[in-house]
Amino acid sequence: NRFQLEMQTVTLIPGDGIGPEISSAVMKIFETAKAPIRWEERNVTAIKGPGGRWMIPPDAKESMDKSKIGLKGPLKTPIAAGHPSMNLLLRKTFDLYANVRPCISIEGYKTPYTDVNLVTIRENTEGEYSGIEHVIVDGVVQSIKLITEDASRRIAEYAFEYARNNQRNSVTAVHKANIMRMSDGLFLRKCREVAENYKDIKFTEMYLDTVCLNMVQDPTQFDVLVMPNLYGDILSDLCAGLIGGLGVTPSGNIGANGVAIFESVHGTAPDIAGLDLANPTALLLSAVMMLRHMGLHDYGNKIQTACFDTIRDKKVLTKDLGGNSKCSEFTADICRRIQDLD
Amino acid sequence: MAAHSAVLSMSKIIKPFWGGHLGNTVKVFGTTLTSHRNKSSLTPPPAKYGGRHTVTLIPGDGIGPELLNHVREVFRFSCVPVDFEVVHVNSAVETEDDINNAITAIRRNGVALKGEQNAYFQQSTAVRSMYTSLDLYANVMHCQSLPGVQTRHKNIDIMIIRENTEGEYSSLEHESVSGVVESLKIITRNNSLRIADYAFKLAREKGRRRVTAVHKANIMKLGDGLFLQCCREVASGYPDITFDSMIVDNTTMQLVSKPQQFDVMVMPNLYGNVVSNVCAGLVGGPGLVPGANYGHVYAVFETATRNTGKSIANRNIANPTAMLLASCMMLDHLKLYDHASSIRNAILNTMNETRLHTADIGGQGTTSEVVQTIMRFIQSKGQLTSEY
């Protein structure tokens, strides 16, 4: 089976803090699973380019442009370094317009919510985070929320494509068009237009407050949610909270030109960095998402099953999952299960 | 100050008497009784003639009319000295006349109790203009876990204070170029200071320890940055109350995992909408939580989550708790404390009877059964009631 064995290059950005150790955990697990991935490690600390503009190092950009797929650990945002957040820089460099977070309850990691199985797809380039603000007169500030036809159509199309490719049944647009009639109204209109081309997927619309109200009472009623930037930020973190927090939530960013960067969205945890205590689950599940994106479903399923089995078994859990084991022990257990599955 | 201590001693007398019957409800009764006596510093009491108050009633759509009828029924039964001036706002009609009439009626009476309007696009700007023209700048919601209601999280007791007039709800939008829409979010120093001040005053009155400001100032540095700065300024004047802040996305994550950590929360308009709905969902749903909109002069009471409940209208299955508790908040505002507590205690006692729970909290009871039981509880306490 030549296609399966053909190695694909993935740009790996280990990140800061616990980034390097969880990245090596993931690499080890992938090696055990014999996944056809060749890792190309790159650093994305901002440098000042010609013209004084901050940019990511050219070798990182080159690697990403060639491989098109990236896996990223947590990046620290230094407060007074003078450059914008690295995540923002990456987003702008590769036009990462869709942030996708599948939130699936992890059996074995108990939260008050069981059977959560939904995906939040958030428009990631405009909306309330356009960064356009000004002080009109002293004491009056105006922040501009930008909604464009193109960005709205693009995210809606991605949402429906994702639903179709991942066998999801419905897409729900989340909005507040009763209050923000023109902006969210435009977003909604574009979603409706795109829905026309995907008659096999059910399309519904729901107000943001109704979604919040229902989400905390019965999250099983939701499938794929698509929404503008701010609502997406809030809802994706809300859903992450339902399944257990950022330590176990995968995330993927889809860009133009086929670029996709998968990442763990938790922080760098500097207090436990280098102590072999970190939990690699979030990065691992993001890597699984990446495998699925690349069409390597078998490898993805194998690794995910091993990971979930380890968590369900409760014998070798890291501290944040309620156990006492080291990161290396957790990783080793997953590797063992993968070998057993083969 | 004398009134305050007199009230405290009165609640000490009443507590043991009611304590055996009411269990947890006594706590609710006690705090509300003391707190609203001191509220006179914030809003002057509305006028009353012949010992009776007149309150504007806006039935709204969906389940509004039937629930407000139940409120009137309970008031009539308990001989509450409140008369309702009903003002209909027809959401099917496109003109602004109806809503202007309602606003005038509220100005006249000072207090209103309202059901929700259908969220037709047209109507929402009119309803929003009600909050801004009456300057109802503080939306207050008290989310409390009710004994007798099954929820995933227990012991929640959060007060949410939401700025109600500006922020993302300014309705200032324009399409600069075809396909590019801008929506303005306005944050002003005055309104931010005002709402922060309200939050801290309320926290102090109710004996709360901590106020948390919810924001997104890491992204909206100027807008939410100004809001946060104003909160900090006000906080410095209340050294007895701890102040901290939290970013809105982290807040929602914390709310669904550990909501017990929150005490009082203050935030701009949109985050207030999100957080209040999340909290209402956490304590059992929209049928249980009352909300109030306060200004310096006027006060409007409604259900906290502003849903019309179109699908359950006129089927006798709606939960009357939220609307009835809102009417109790209104009675407290009118200084009719005894009536407020008697109805409130009856409601909380009824809540303990699981077989009477309405569908939204997992039962099969009807609205009228719940209301009848509430009235029976009121009667059994020996209060003066009328025949019905």
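These legends accompany close-up views of a predicted model.

**Figure 1. A salt bridge joins Arg154(A) and Asp95(A).** The closest N and O atoms of the two residues are 2.9 Å apart. Arg154(A) belongs to helix α5 of chain A, residues 149-165. Asp95(A) sits in the loop between α4 (86-94) and β6 (96-104) of chain A. The pair therefore ties together parts that are 59 residues apart in sequence. Arg154(A) is partly exposed, at 26% relative accessibility. Asp95(A) is also partly exposed, with a relative accessible area of 28%. Over all chains, the count of salt bridges comes to 41.

**Figure 2. Arg122(A) and Asp233(A) pair in a salt bridge.** The N to O distance is 3.6 Å. Arg122(A) comes from strand β7 of chain A, residues 117-123. Asp233(A) comes from helix α8 of chain A, residues 229-243. The link spans distant parts of the chain, 111 residues apart. Both ends count as buried because their accessibility is under the 20% cut-off: Arg122(A) has a relative accessible area of 9%, and Asp233(A) stands at 5%.

**Figure 3. Glu116(B) meets Lys114(B) in a salt bridge.** Here the closest N and O atoms are 3.4 Å apart. Glu116(B) is buried, at 6% relative accessibility. Lys114(B) is buried as well, at 2%.

**Figure 4. A salt-bridge network in chain A includes Asp313(A) and Lys315(A).** Asp333(A), Arg336(A), Arg337(A) and Asp340(A) belong to this network too. The salt bridges share partners, and in this way the residues are joined into one network. Side chains of opposite charge can pair when their charged atoms come close.

**Figure 5. The largest pocket has a volume of about 1600 Å³.** Its lining holds 49 residues. Nearest the centre of the largest pocket lie Ser85(A), Asn87(A), Arg91(A), Asn218(B) and Ile219(B). Several elements each supply at least two lining residues. In chain A they are α4, β6, β8 (127-137), α8 and β14 (260-264). In chain B, α8 (248-257) does so. The most comes from α4(A), with five residues. By class, the lining of the largest pocket has 17 nonpolar, 18 polar and 14 charged residues.

**Figure 6. The second largest pocket has a volume of about 1100 Å³.** This pocket is lined by 48 residues. Thr305(B), Arg306(B), Asn307(B), Thr308(B) and Gly309(B) lie nearest its centre. From chain A, α7 (208-217) supplies at least two lining residues. From chain B, α3 (64-77), α5 (121-133), α9 (269-283) and α10 (321-333) each supply at least two. The lining of the second largest pocket comprises 17 nonpolar, 21 polar and 10 charged residues.

**Figure 7. Cys230(B) and Cys279(B) are shown without disulfides.** The count of disulfides over all chains is zero. For Cys230(B), the nearest cysteine sulfur is that of Cys231(B), 7.0 Å away. Cys230(B) is buried, at 0% relative accessibility. For Cys279(B), the nearest cysteine sulfur is that of Cys143(B), 4.8 Å away. Cys279(B) is buried too, with a relative accessible area of 1%. A disulfide needs the two sulfur atoms within 2.5 Å, so neither cysteine qualifies.

**Figure 8. Asp224(B) is buried in chain B.** The residue lies in helix α7 of chain B, residues 223-236. Asp224(B) has a relative accessible area of 0%. Residues up to four places away in sequence aside, Asp224(B) touches Lys185(B), Ile187(B), His215(B), Lys216(B), Ala217(B), Pro268(B) and Tyr271(B).

**Figure 9. Chain B contains 12 helices and 12 strands.** This view gives the setting for Asp224(B), in helix α7 of chain B. Of the 388 residues in chain B, 60% are buried. Among contacts in chain B with a separation of 6 or more, 76% are between residues 24 or more positions apart.

Notes
Residues are numbered from 1 along each chain as its sequence is written. Chains are lettered from A and ligands numbered from 1 in the order in which they are written. This is a predicted model: local features need pLDDT of at least 70, side-chain atom pairs count only at pLDDT 80 or more; totals for chains, interfaces and linings use all residues. Side-chain values use heavy atoms; hydrogens and water are left out. A salt bridge is a side-chain nitrogen of Lys or Arg within 4 Å of a carboxyl oxygen of Asp or Glu. Helices (H or I, at least four residues) and strands (E, at least two) are DSSP runs, numbered from the N terminus. Buried means under 20% relative accessible area, exposed over 50%, partly exposed in between (1.4 Å probe, protein chains only). On a 1 Å grid over the protein atoms alone, a cavity is a set of points where a 1.4 Å probe fits but cannot get out, and a pocket is an open set with protein on both sides within 12 Å along at least five of seven lines; lining residues have an atom within 4 Å of a point. Grid points are joined across faces, edges and corners, and a volume is the space filled by probe spheres set on the points. Ala, Val, Leu, Ile, Met, Phe, Trp, Tyr, Cys and Pro count as nonpolar, Asp, Glu, Lys and Arg as charged, and the others, Gly among them, as polar. Contact means heavy atoms within 4.5 Å.
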